[in-house]
Amino acid sequence: MSDEDLDDDEIPCRNHVVCRGSGNSNYDTCMSCGPWFKLSGFGFGVLDISDEREEPCCVCSEEAGPDVRFPQCSHRVCPECFRNIMFWDEAMTHLNSEPFGCPPCPQGCANPTRGRQCSCEEHDAVKETWKMGHPDQYSAWTDAEEQSSQAPVGGAFATKACPMCRAKYHRNIHGSFTGYTRQMYSSGGMPPVCYVCRKDCTLKCMGCSVARYCSKACQKKHWKLGHKQDCKTLAT
């Protein structure tokens, strides 16, 4: 989505380079990123995004362009890798219909066995003809795709875990503590849990008074995972 595609009351999400979403005059983050959206979304808030990375992306080795810090730790990756790791893309579980009997794409597209398939109109027409002529084959393909959507894609894709330290993102622990999420904590709407292991907590960070822990060991671990950078931000 480019800026030209936005409606008059919309503005690019502050994380637009990652989510490609839009905010509006009331919110500067989209529903995927914003902590204000209660029903779903990731609750990132405004991510730490630099305009130009200092070293190549540690996942894809891309050298130029911006990079993004994971909310749950201090490691950084390029926006594309961040999106692949933190977001779920159903297209990655799609199956090539050719092994089930469908003719190939007339445009000569080389579609993977599993993953994003081409969206050529000519191929859609071929699939429709195949569906009418071979309903059993078509049904077998759609059933296999349904099973594929329930199976892990593999690697770090859609795990919400940093590929370097394996710290996994949890909205209630690592999400933005501005707006809705902070209000829920301060009003008692969310029971306080340890930010590392999610057990009942007995300690809180003396710096920000927001982060909670069950033990000194978890507090030290969270400091190394990225709270050292977040503490001052949460205190404001």
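The paragraphs below go from the whole chain to two places in it, a charged patch on the surface and a proline in a loop.

This is a predicted model, and its protein chain holds seven helices and seven strands. Read from the N terminus on, the elements follow the order β-α-β-β-β-β-α-α-α-α-α-β-β-α. Of the 236 residues in the protein chain, 39% are buried, while the accessible surface of the chain amounts to about 13,600 Å², with 50% of that area belonging to carbon and sulfur atoms. When contacts between residues at least 6 apart in sequence are considered, 43% of them join residues at least 24 apart.

On the surface, a patch of negative charge is formed where E121, E122, D124 and E128 gather. One of these residues, E121, belongs to helix α3, which covers residues 121–133. Because a residue counts as exposed when its relative accessible area is over 50%, E121, with a value of 66%, is exposed.

The other place to look at is P163, which sits in the loop that runs between α4 (135–149) and α5 (171–174). With a relative accessible area of 27%, P163 is partly exposed, because this class lies between the buried residues, under 20%, and the exposed ones, over 50%. If its neighbours within four places in sequence are left aside, P163 is in contact with V59, F70, I85 and A156. A further residue to locate from here is V77, which is 86 residues away from P163 along the chain, with 9.7 Å separating the C-alpha atoms of the two.

Key. Residues numbered from 1 in each chain as written. Predicted model: local features only at pLDDT ≥ 70, side-chain atom pairs only at ≥ 80, totals over all residues. Heavy atoms only, no water. Patch = residues over 30% accessible without salt bridge, like charges linked within 9 Å, V, L, I, M, F, W, Y side chains within 5 Å. Areas by Shrake-Rupley, 256 points an atom, 1.4 Å probe, with all protein chains shown as cover. Salt bridge = Lys/Arg side-chain N within 4 Å of Asp/Glu carboxyl O. Lys, Arg positive; Asp, Glu negative; His and termini not counted. Charge placed at Lys NZ, Arg CZ, Asp CG, Glu CD. Helix = DSSP H or I, 4+ residues; strand = E, 2+ residues; numbered from the N terminus. Buried < 20%, exposed > 50% of the residue type's maximum accessible area, 1.4 Å probe, protein only. Contact = heavy atoms within 4.5 Å.
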